[in-house]
Protein chains: 2
Amino acid sequence: MMGYYAKPLEDLISQLTRLPGVGAKTARKLAFFILSMNEGAVEDFAGTIVEAKKKMKYCSVCGNFTDGEVCSICASDDRDRTTVCVVESPADVVLMERMQEYHGLYHVLHGVISPMEGVGPDEINLKSLIVRLRDNDVNEVILATNPNVEGEATAMYIAKLVKPSGIKVTRIAHGVPIGGEIEDADEVTLLKALEGRREVD
Amino acid sequence: MMGYYAKPLEDLISQLTRLPGVGAKTARKLAFFILSMNEGAVEDFAGTIVEAKKKMKYCSVCGNFTDGEVCSICASDDRDRTTVCVVESPADVVLMERMQEYHGLYHVLHGVISPMEGVGPDEINLKSLIVRLRDNDVNEVILATNPNVEGEATAMYIAKLVKPSGIKVTRIAHGVPIGGEIEDADEVTLLKALEGRREVD
């Protein structure tokens with residue numbers, strides 16, 4: 001297929017292929033779709049991309065995306081300021097917010113500690129968490145990093161860092177997902193589910 | 001979630017949702033990825049989109065995408081100019097070319113006749129096919145529209161239009177896909193496979 005597409009189309013496909021989850025076939029489909037849009041719509045589309053990148057920054061308090069200095073959650077009077085939930089990415093904040101059950105604050109790490117990939121504690125948004133805890137009324141830090149090796153290690157690292165301050169540190173529960181079948185759970189999940197068992201009342 | 005995202009991010013997600021096959025979840029993932037790119041890369045990305053739309057046009061002969069006046073296939077001396085394969089979209093040309101078995105020319109309809117959606121013969125790139133056949137050495141028109149109701153109807157319409165000129169009109173075969181299981185084929189496909197059976201030699 002090399003050289004089959006004219007250069008501008010080839011460039012577009014190659015740019016689209018860099019997006020996560022977009023393979024050669026999807027990139028082609030998206031490229032053809034974009035070319036089928038009218039020129040004004042394409043310019044709007046491209047403009048929105050540049051605009052979003054220019055205007056969106058990280059909240060100076062929690063690290064979540066915001067178009068201001070402080071994000072809407074950190075700025076809100078309706079949130080419980082005694083609890084901070086630590087997550088890996090802004091996408092995790094969205095998942096938590098969707099539940100509509102958590103009313104505390106967040107802290108977005110923008111990554112996890114991963115010695116394998118050369119990411120140490122200083123390469124993620126962690127120092128600002130410690131500073132933040134020092135001056136505030138936080139009495140619980142919930143560690144909601146992912147349930148994988150890096151996520152666990154990062155959670156343990158933060159726990160060790162925070163505990164001496166006397167603030168309660170909790171980790172989200174691991175277990176069999178609701179709606180799933182025990183049969184489908186892997187051994188580690190099942191072990192975690194057993195360890196985390198609670199008395200039925 | 002309404003109002004949770006800052007406006008520039010919300011706009012970006014809503015633009016991305018308009019792409020084919022991109023739901024709310026994928027749009028969010030793509031938006032967060034774009035925001036994680038550095039500003040120069042985002043500008044390149046947006047620039048490539050606008051550039052592609054500006055430079056890519058339809059080939060004045062076959063209707064396929066090109067950045068010139070005539071596409072590389074129509075302009076090539078290596079193609080068999082006696083055969084024209086009629087397809088619905090530029091993406092279909094890519095699929096055909098990938099096979100590396102077809103060496104004729106194409107004609108891209110940019111749609112199908114669909115009375116249900118108010119698309120008549122004049123709304124697709126069909127008139128130019130007839131004009132094209134009049135003045136050229138084409139002796140076979142292969143109808144490679146999709147094997148669905150609209151694709152079949154469009155193929156039949158074009159067949160009726162072309163046949164009086166004495167040019168041979170063929171339709172691609174329908175049948176059981178290679179690598180699939182007969183068990184998985186639907187009844188209509190199986191019927192077509194039976195009807196199209198050929199003697200084994």
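# Close-up views of a predicted two-chain model

**View 1. Two helices lie against the sheet of chain B.** Helix α5 (residues 90-99) of chain B lies across strands β3 (80-87) and β4 of chain B, and it runs at about 160° to β4(B). Helix α6 (residues 127-134) of chain B packs on the sheet too, where it touches β3, β4 and β5 of chain B. The direction of α6(B) makes about 150° with that of β4(B). Please keep in mind, here and in the views that follow, that this is a predicted model.

**View 2. Four strands make up the open sheet of chain B.** Reading across the sheet, the order is β4-β3-β5-β6 (chain B), with parallel pairing. Which strands sit at the edges? They are β4 (104-108) and β6 (168-171) of chain B, each of which pairs on one side only. From one strand to the next, the twist averages 25°. As background, strands of a sheet pair through backbone hydrogen bonds, in either a parallel or an antiparallel way.

**View 3. Strand β5 of chain B meets the edge strand β6(B).** Here we zoom in on β5 (residues 140-143) of chain B, which is joined to β6(B) by four bridges. The two strands run parallel. One pair to look for is L143(B) with its bridge partner in β6(B), R171(B).

**View 4. A155(B) is a buried residue of helix α7(B).** A155(B) belongs to helix α7 (residues 149-162) of chain B. Is this alanine buried or exposed? A155(B) counts as buried because its relative accessibility is 0%, and the cut-off for that label is under 20%. Leaving aside residues up to four places away in sequence, A155(B) touches L143(B), T145(B) and R171(B). Two of these neighbours will be familiar from View 3, where L143(B) and R171(B) are bridge partners. You can also find V86(B) from here: V86(B) and A155(B) are 69 residues apart in sequence, but 8.8 Å apart in space, C-alpha to C-alpha.

**View 5. The side chain of N38(B) reaches backbone nitrogens in chain B.** N38(B) sits in the loop between α2 (24-36) and α3 (39-55) of chain B. With a relative accessible area of 53%, N38(B) is exposed. What does its side chain reach? One target is the backbone nitrogen of G40(B), at 3.1 Å. Another is the backbone nitrogen of A41(B), which lies 3.0 Å from a polar atom of the N38(B) side chain. For a sense of scale, N38(B) and E117(B) are 43 Å apart in space, C-alpha to C-alpha, and 79 residues apart in sequence.

**View 6. Chain A and chain B meet, with 52 residues from each chain in the contact.** About 4,900 Å² is buried between chain A and chain B, and carbon and sulfur atoms give 76% of that area. In chain A, the residues that lose the most area to chain B are Y4(A), L35(A) and K53(A), together 14% of what that side buries.

**View 7. Charged and polar pairs cross the interface.** How many salt bridges does the rule find between chain A and chain B? There are two. One of the pairs to look for is E43(A) with K54(B), whose closest N and O atoms are 3.9 Å apart. Four residue pairs between chain A and chain B are in polar contact. On the side of chain A that touches chain B, α1 (7-17), α2 (24-36), α3 (39-55), α4 (72-75) and α5 (90-99) each supply at least two residues. The largest share of that side, 13 residues, comes from α3(A).

How values were computed: Residues numbered from 1 in each chain as written. Chains lettered and ligands numbered in written order. Predicted model: local features only at pLDDT ≥ 70, side-chain atom pairs only at ≥ 80, totals over all residues. Heavy atoms only, no water. Pairing = 2+ DSSP bridges. Axes fitted to C-alpha atoms, helices over the stretch in contact; angles between N-to-C directions. Contact = heavy atoms within 4.5 Å. Buried < 20%, exposed > 50% of the residue type's maximum accessible area, 1.4 Å probe, protein only. Polar contact = N/O pair within 3.5 Å; in protein donor to acceptor, adjacent residues only side chain to side chain. Buried area = accessible area lost by both parts, 1.4 Å probe. Salt bridge = Lys/Arg side-chain N within 4 Å of Asp/Glu carboxyl O.
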